[in-house]
Amino acid sequence: MIRDDTDDTNDPDDSSTAFDTQTVLPDGGTAAGEDDVALDPWGSATVSDYRKLFEEFGIEEFDGVLPEVPNPHYLMRRGVIFGNRGYRRVAEAMQNDEPFAALSGFMPTGEPHIGHKLVFDELIWHQQQGGDTYGLIADLEAHSARGLSWEEIDEHSRDYLLSLLALGFDAEEGTLYRQSENRELQDLSFELGSKANFSEFQSIYGFDGETNVSHVQSVVTQMADILYPQLDEPKPTVIPVGPDQDPHVRLARDLAVRMRFFGVTEAYASFELNEDEQKLVAELYRTLDSADFDDDSLRCVHVAQAIDGMTPDELDVDAETVSSAKAKLDEAGMEPLRPRVRFLDRNATNEAFDALIDAIDGEKRVFDEHIDVFDYSREEAEELAREVEMENDGYGFIMPSSIYHRFMTGLTGGKMSSSVPASHISLMDDPQDGYDKVKSATTGGRETADLQREKGGKADECPVYELYAYLLSGDDDEFATEVYEECVGGERLCGGCKEQAAELMKEFLEEHQEKREEAEELLDELDIQLESSRR
Ligand code: SF4
């Protein structure tokens, strides 16, 4: 079961983690076959089939929310950002000029490259749209999961931050931090850790008895990162990442719910129904008429009787559900069947529970661990639950959202890998080296120029075209389209096309590196410790 929720409903059925264990790889494991898609935060970042991420993991297509995004970024318009979880909520906040946040993190394991630039740009764009924006250095993760020394981490951290600033991140408006230096973050991670357990980590991440405990702690730290923008007040938050980070996003969404004081669900009587029973009873409530039972209200026992008189076909649910629902209805006897909204006590203090009782208007039924109300819509109840939670020192977290970008193909074909220099372009590469790498990149071209003129190039399979679409065209859609059309139409030949791309790459690197230099001073003035006292 994978939850496909675009909102932050507090249904208790939603709160347990149910990850698809067989498709998530353990650290460096090889459990998945050729065709399997694995989302492994510490594995190799490739996805062979993006469609499977929708079908198997429940990631939603970005195109579904695109029309609701004000001035979408070119990465959104061009389908580079292909997926999301719950991004509608962030888009709505942008539309309505309401507070929202964006946060992402970077493991300082090497030099920042053009793949990281996608995330830098996504953060900066959300900041320009008015979001409260955070960039963090995942140094605890780099140390515990990748074994980097603090010295190496310090050096690389500086490089990530310089590029982020050079690309336009406003450090006065936004927040930059290192995991290791952020005490508030550690406190939050400790709290969140109390809502997760090790078997869950085993099934999500493939952790086992050999996994080092600091690695486990770095996961809880990432959970805190994701919820950090909501420490002062809950707000829709987007986490722009690659799809390999989706297991983290799902867990964080779950933890956000598990931390809540109250859950809100819908019910029909004093007892609890599971999802299928609920569907059955809702349908019967809709179709049955109390007058047929010679009574002024529809009572549980009436519904049980009605079930007896119906065929399995008419009921349209499995036999087990029919009999369990019927037993519950029989047991409740003459209790009227009435739709209601239910507040469940999840983590509330006694004071908060009492405060909620006081705050509810109209008819209410108070039980030990829940309160039923009759004059609220579910949305109104959720709003009230959050208000009371916040007035009573709770966080009131809103489920974080995410957006996912495609991984860039390596310039040498195959995957782009930090360990294969020719496959990627570092933002710190000498501009001439950048030029050379593009010139020797693999293309989607045909064997001969004549064939290319006749059949056109395969832009969709061409890493050079990707460079145009992801980076070199910038905001200029017309230019990106022109390159594409000319290529597939056979008017563009690879030699010239690469020459043009290589020139543009060189210019980009020159300009970026100038800006990095200008950012040095800015970085030194910032309140971020770049020399770790750790060893
Ligand atoms: Fe790629 Fe350009 Fe060749 Fe087309 S013409 S296949 S985009 S290098």
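**Figure 1. Salt bridge between Lys-235 and Asp-132 in the predicted model.** The closest N and O atoms of Lys-235 and Asp-132 are 3.8 Å apart. Lys-235 belongs to the loop between α10 (213-227) and β6 (237-241), whereas Asp-132 belongs to strand β4 (residues 132-137), so the salt bridge ties together parts that are 103 residues apart in sequence. The two partners are listed with their accessibility as follows: Lys-235 has a relative accessibility of 7% and counts as buried, while Asp-132, with a relative accessible area of 26%, is partly exposed. The structure holds 35 salt bridges, and further examples are shown in the next views.

**Figure 2. Salt bridge between Arg-178 and Asp-139.** The side chains of these two residues meet at an N to O distance of 2.8 Å. Arg-178 is located in strand β5 (residues 175-178) and Asp-139 in helix α6 (residues 139-145); the pair therefore ties together parts that are 39 residues apart in sequence. Arg-178 and Asp-139 are both buried.

**Figure 3. Salt bridge between Glu-389 and Arg-260.** An N to O distance of 2.7 Å is found between the side chains of Glu-389 and Arg-260. Distant parts of the chain are linked by this pair, with Glu-389 in helix α17 (residues 378-391) and Arg-260 in the loop between α11 (246-258) and β7 (262-267), 129 residues apart. Both Glu-389 and Arg-260 are buried.

**Figure 4. Salt-bridge network of Arg-77, Arg-78, Asp-475 and Asp-477.** These four residues are joined into one network by salt bridges that share partners.

**Figure 5. Aromatic cluster of Trp-42, Phe-201, Tyr-205 and Phe-207.** The structure holds 18 aromatic pairs. One of them is formed by Phe-201 and Phe-207, whose ring centres are 6.2 Å apart, with 70° between the planes. This pair is classed as edge-to-face, because planes over 60 degrees apart fall into that class. Phe-201, at 4% relative accessibility, counts as buried, and Phe-207, at 3%, likewise counts as buried. Trp-42 and Tyr-205 belong to one aromatic cluster with these two phenylalanines.

**Figure 6. Charged ends of Arg-338 and Arg-406 over aromatic rings.** The charged end of Arg-338 sits over the ring of Phe-374, at 4.0 Å from the ring centre. In the second pair, the ring is that of Tyr-50, and the charged end of Arg-406 sits over it at 4.5 Å from its centre.

**Figure 7. Residues surrounding the ligand.** The shell around the ligand consists of Thr-443, Gly-444, Gly-445, Gln-452, Cys-462, Val-464, Tyr-465, Cys-487, Arg-492, Leu-493, Cys-494 and Cys-497. Two elements, α20 (463-472) and α22 (494-525), give two or more residues to this shell. By residue class, the shell comprises 7 nonpolar, 4 polar and 1 charged.

**Figure 8. The chain as context for the close-up views.** The chain has 22 helices and 11 strands. Along the principal axes, its C-alpha atoms fill a box of roughly 85 × 60 × 50 Å. Of the 535 residues in the chain, 54% are buried. Among contacts between residues at least 6 apart in sequence, 76% join residues at least 24 apart.

How values were computed: Residues numbered from 1 in each chain as written. Predicted model: local features only at pLDDT ≥ 70, side-chain atom pairs only at ≥ 80, totals over all residues. Heavy atoms only, no water. Phe/Tyr/Trp six-rings, centres within 6.5 Å; stacked < 30°, edge-to-face > 60°. Buried < 20%, exposed > 50% of the residue type's maximum accessible area, 1.4 Å probe, protein only. Lys NZ or Arg CZ within 6 Å of the ring centre and 35° of its normal. Helix = DSSP H or I, 4+ residues; strand = E, 2+ residues; numbered from the N terminus. Near = heavy atom within 4 Å. Nonpolar A, V, L, I, M, F, W, Y, C, P; charged D, E, K, R; others polar. Contact = heavy atoms within 4.5 Å.
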